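Reader: Hello! I would like a close look at a single part of this model, please, with a little of its surroundings afterwards.

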Amino acid sequence: MTVSSTPSFIPESLMPSRLVSFTSFNNNTEQFHSAVRAQLAQDIDVLFAYAELPSPLLDACRYVMTGQGKLVRPLLVASAFDSVNHNNINDNTNDADKNPDKEAKQNSDLEALLENDSDYDMARRAALAVELLHTYSLVHDDLPCMDDDELRRGQPTAHIVFEESTALLAGDVLQTLAFEVLTAELPTFAPFDSAIASQLIAIFAPRARRMVSGQMLDLNAEASANISQGDLEAIHRDKTGALIEAAMLMGGICAGATAPQRMALQECAQHIGLAFQVQDDILDVTTSTDTLGKPAGSDEKLDKSTYVKLMGVENATSYAQSLFNDGRAAIIRELSRHESSSSELGNDANNDALLALIEWLWARKK
């Protein structure tokens, strides 16, 4: 591993000590999320300086990557990274308490770990990669040949501001940069860790393919009168869920997640990915365009197959809540030190960044 001179997801100004960098959530969701977003904004600037794209391609890429998005996927990377680190340090501390002879070695290992930022830098790369890929998919989804939307993230879509050909190429280059960033020699980043990078690519590439396949299935299902819930879930496990799954797994891998921890992250992501799409379907018919930042009612306009169309708003809302609770249970079982209970979502997020993010997602209005 190589020591980085740059801050981790949580800047030093938010850390009372180096140890807090691995237990950084501290029950302050907004502070954590703000730090992740700020780091991502800096990393986007670094990446575009490195890429040396010609105009107007660079202008279009900056435009779509700096809009007012929720940044859910980078937040998933950072939260999974933080939760795995938090869990594993707690485990190491508990082991040392049970066996005092190990205490000196544990302290030595911790000191070495805390002096090394390269794992954070790989998580920064992963967060950047998933946001690049997600934004490319939005740019292409909005094109006239697809959904033909004029508003995204509260601003006119790329093909409205720039020529359609430029918007198309912006999506293309964002997709390629999503993979390049995992191994590029970027200023302000530590040299990439080849072992981690290979694992990230093995997770990321097939899920990027699945995202595109899901979009094709979604187009095929438009105006379909006979689609079942199983068919709808198959579409969205790929179209929406695949990249959410990639984000959580990539964050965990950068933090050294064990095989059981990776299984828990994947199980959680599969539930959250579906829940996120069910929520989007509900918000499309219950929220205004100004709040959403994109045209409300667009699913109905395109005669898309949705969970609301299939089961109604009330049943879809209950289904989304059950999915969020199932995802939360997977994290509590393997990654959280909290007692599992039958309480409503949000009652025991405490200091776990991933549980808090699930609660934040459940409460979102756009």
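Which residue just after α10 takes a positive phi?

Author: Happy to help, and please keep in mind that this is a predicted model. The residue you are after is G256, whose phi is about 80 degrees, just after α10.

The helix before that glycine is worth a look as well. Helix α10 covers residues 241-254. At 1.5 Å a residue, its 14 residues should span 20 Å, and the C-alpha atoms at its two ends are indeed 20 Å apart, so expectation and model agree. Next comes the question of burial. A residue counts as buried when its relative accessible area is under 20%, and 14 of the 14 residues of α10 are buried, so the helix is largely enclosed by the rest of the structure.

For a contrasting case, turn to D290 in helix α12, which runs over residues 289-292. D290 has a relative accessible area of 76%, and because exposed means over 50%, D290 is exposed. Its C-alpha lies 7.3 Å from that of G154, although the two are 136 residues apart in sequence.

Finally, here is some open space to explore. The second largest pocket has a volume of about 370 Å³. It is lined by 18 residues, and the closest to its centre are R37, G67, Q68, G69 and L71. Helix α1, residues 29-51, gives the largest share of this lining, with seven residues. By character, the lining of the second largest pocket holds seven nonpolar, four polar and seven charged residues.

Methods. Residues are numbered from 1 along each chain as its sequence is written. This is a predicted model: local features need pLDDT of at least 70, side-chain atom pairs count only at pLDDT 80 or more; totals for chains, interfaces and linings use all residues. Side-chain values use heavy atoms; hydrogens and water are left out. On a 1 Å grid over the protein atoms alone, a cavity is a set of points where a 1.4 Å probe fits but cannot get out, and a pocket is an open set with protein on both sides within 12 Å along at least five of seven lines; lining residues have an atom within 4 Å of a point. Grid points are joined across faces, edges and corners, and a volume is the space filled by probe spheres set on the points. Helices (H or I, at least four residues) and strands (E, at least two) are DSSP runs, numbered from the N terminus. Ala, Val, Leu, Ile, Met, Phe, Trp, Tyr, Cys and Pro count as nonpolar, Asp, Glu, Lys and Arg as charged, and the others, Gly among them, as polar. Buried means under 20% relative accessible area, exposed over 50%, partly exposed in between (1.4 Å probe, protein chains only). The expected span of a helix is 1.5 Å times one less than its number of residues.
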